[in-house]
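Work through the exercises below with the sequence and the model at hand. Each task is followed by a solution in steps.

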Amino acid sequence: MLFRSIVGEVMKLTRLMDDILLMGRYESGKIVFQPQELNLTELVTELVQSRKIISGDDREIILKTDGTPRPFIGDPTLLSHAITNVVNNALKYSKECPAPEVSLHFDEEGVVLAVRDFGIGIPEGEKDKLFDTFYRATNVTNIQGTGMGLVKIGRAHV
């Protein structure tokens, strides 16, 4: 149990450092978009499975795919970072609730990736601040976080 706790804290620190480094690279204009053809279904499946192991959360994240999967062009590093962050938030802000759901919907227009959780939600009057640096909603007083997670997503317009 102690080992799992230590590993969890190290992972939190690593994510924080990754967030800070990514923000610094973004601010200095040094993020390079490196698109390539991806199997989005495989990428999302892998990320969802790894989140369960790293987060220590025993809930089984539900992954749904509909439509006909097809190749996707994107930057695997930036996309992985964004998806991981949203899935982490879904887990973190929905403790004691049903497992989050991740869905991929492929159609003629493209693909929609959606993450749904059953947690505390974002107060209606605060949604416009969601992508502000270090912003944390007023209802998260007992949940640890930095307010940096969604900043990079909003700025990258993913």
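**Exercise 1.** Classify Val-10 as buried, partly exposed or exposed, and place Val-10 in its element and its surface patch.

Solution. Step 1: the relative accessibility of Val-10 is 47%. Step 2: buried means under 20% relative accessible area, exposed means over 50%, and partly exposed lies in between (1.4 Å probe, protein chains only). Val-10 therefore counts as partly exposed. Step 3: Val-10 sits in helix α1, residues 2-27; helices are DSSP runs of H or I with at least four residues, strands are runs of E with at least two, and both are numbered from the N terminus. Step 4: together with Leu-2 and Ile-6, Val-10 forms a nonpolar surface patch with about 300 Å² of accessible area. Patches take residues with over 30% relative accessible area and no salt bridge, joining nonpolar side chains (Val, Leu, Ile, Met, Phe, Trp, Tyr) within 5 Å and like charges within 9 Å. Areas come from the Shrake-Rupley method with a 1.4 Å probe, and for residues only the protein chains shown count as cover.

The model is predicted: local features need pLDDT of at least 70, side-chain atom pairs count only at pLDDT 80 or more, and totals for chains, interfaces and linings use all residues. Residues are numbered from 1 along each chain as its sequence is written, and side-chain values use heavy atoms, with hydrogens and water left out.

**Exercise 2.** Describe the protein as a whole: its elements, its burial, its contacts and its surface.

Solution. Step 1: there are 4 helices and 5 strands. From the N terminus on, they follow the order α-β-α-β-β-α-β-β-α. Step 2: of the 158 residues, 29% are buried. Step 3: among contacts between residues at least 6 apart in sequence, 66% join residues at least 24 apart, where contact means heavy atoms within 4.5 Å. Step 4: the accessible surface comes to about 10200 Å², and carbon and sulfur atoms account for 58% of this area.

**Exercise 3.** Work out the order and pairing of the sheet that contains β2, β4 and β5.

Solution. Step 1: the 3 strands make an open sheet in the order β2-β4-β5, with mixed pairing. Two strands pair if DSSP finds at least two bridges between them. Step 2: β2 (62-66) and β5 (111-116) are the edge strands; each has a single partner strand, so one side of each has no neighbour in the sheet. Neighbouring strands are turned by 10° against each other on average, direction ignored; axes are lines fitted to C-alpha atoms, for helices over the stretch in contact, and angles run from 0 to 180 degrees between N-to-C directions. Step 3: β2 and β4 (residues 101-106) run parallel and are joined by 5 bridges. Ile-62 stands opposite Glu-101, and Leu-63 has Val-102 as its bridge partner. Step 4: β4 and β5 are antiparallel, with 6 bridges. Ser-103 and Ala-114 are bridge partners here. Step 5: β4 and β5 form a hairpin with 4 residues between them, and Gly-110 in the turn has a positive phi of about 155°.

**Exercise 4.** Find the salt bridges and state which residues they join into one network.

Solution. Step 1: a salt bridge is a side-chain nitrogen of Lys or Arg within 4 Å of a carboxyl oxygen of Asp or Glu. The structure holds 3 of them. Step 2: in the bridge between Lys-64 and Glu-101, the closest N and O atoms are 3.7 Å apart. Lys-64 is in β2 and Glu-101 in β4, so this pair ties together parts 37 residues apart in sequence. Step 3: Glu-101 also meets Arg-116, at 3.7 Å from N to O. This pair links β4 to β5 across 15 residues. Step 4: Glu-124 and Lys-127 form a salt bridge at 3.3 Å, N to O. Step 5: salt bridges with shared partners join Lys-64, Glu-101 and Arg-116 into one network. Step 6: compare accessibility.

| Residue | Relative accessible area | Class |
|---|---|---|
| Lys-64 | 42% | partly exposed |
| Glu-101 | 16% | buried |
| Arg-116 | 47% | partly exposed |
| Glu-124 | 63% | exposed |
| Lys-127 | 41% | partly exposed |

**Exercise 5.** How far apart are Val-86 and Arg-116 in sequence and in space?

Solution. Step 1: Val-86 belongs to helix α3, residues 76-92. Val-86 is partly exposed at 29% relative accessibility. Step 2: Val-86 and Arg-116 are 30 residues apart in sequence, and their C-alpha atoms are 9.5 Å apart.
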